[in-house]
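Please open the structure in your viewer and keep the selection panel at hand. The stops below go from a sheet to a helix and then to a single side chain.

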Amino acid sequence: MSTGKTRAEYGQTSSTLWGPYSLQLNPSTSPLEVSMHTLPKPLLREFHHVFPEENLTLPADETCEFLAIPTNQHAVEDLVAIGDKIEQEKDRCLNVFMEFANDFCRKLQQAGYWADFIDPCSGLPMLTLNCNKVYSEVDGMECCLGYRSYSAGFCKILEHPLWGSAVYPATMFVYAPRDVVQQLLERY
């Protein structure tokens with residue numbers, strides 16, 4: 001790679017199964033960077049903290065496994081800044097992710113698998129009931145994609161290797177066969 005970026009900065013970690021790839025969900029929005037990962041130990045611990053097993057209804061299918069599907073959107077604005085334009089951009093990115101994640105997870109659920117996504121605003125699961133532990137999108141992106149972060153006061157800020165802090169991270173989790181998940185992602 002001629003840019004001097006390391007493999008991890010481009011999202012290729014040992015947990016990476018697919019991607020990162022850009023999905024153009026809508027001609028009027030920027031592409032969504034999506035990848036699929038196994039859950040490395042730190043992320044698996046976090047997953048079970050956020051999604052206690054007693055709250056999950058999992059299919060009895062030996063080909064299923066827990067997978068993380070992190071997404072990143074290139075924001076028009078640097079999301080570390082403040083102001084009305086920044087809040088509007090965050091809302092735009094939230095709406096793009098929520099529409100995609102809801103559609104993706106519903107399709108997997110209709111096929112008989114478990115799927116959920118994290119609300120980027122609260123850090124809480126959207127579909128699984130009785131889960132009240134917060135998931136850290138920044139920590140997840142560091143673990144799955146090897147992206148860096150930095151501290152700004154009490155907040156951790158994700159630094160995308162190409163977009164800097166003009167990035168909107170959000171994650172989905174599934175319990176399904178890898179090939180089923182990949183085939184569904186490739187349809188977008």
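Two strands are said to pair if DSSP finds at least two bridges between them, and the helices (H or I, at least four residues) and strands (E, at least two) are DSSP runs numbered from the N terminus. This is a predicted model, in which local features need pLDDT of at least 70 and side-chain atom pairs count only at pLDDT 80 or more, while totals for chains, interfaces and linings use all residues. Residues are numbered from 1 along each chain as its sequence is written, and side-chain values use heavy atoms, with hydrogens and water left out.

Select residues 65–74 and 167–176 to begin: these are β3 and β7, which pair in the antiparallel sense over 10 bridges, and glutamate 65 stands opposite alanine 176 of β7.

Widen the selection to the open sheet of 5 strands, whose order is β1-β2-β3-β7-β4 with antiparallel pairing. Its edge strands, each pairing on one side only, are β1 (16–23) and β4 (114–117), and the twist from one strand to the next averages 15° (axes are lines fitted to C-alpha atoms, for helices over the stretch in contact, and angles run from 0 to 180 degrees between N-to-C directions).

Next, add residues 84–110, helix α2, which packs on the sheet and touches β1, β2 (32–38), β3, β4 and β7, its direction making about 10° with that of β7.

Finally, select valine 180, which is found in helix α4 (residues 178–186). Beyond its neighbours within four places in sequence, valine 180 is in contact with Leu108 and Tyr113, where contact means heavy atoms within 4.5 Å.
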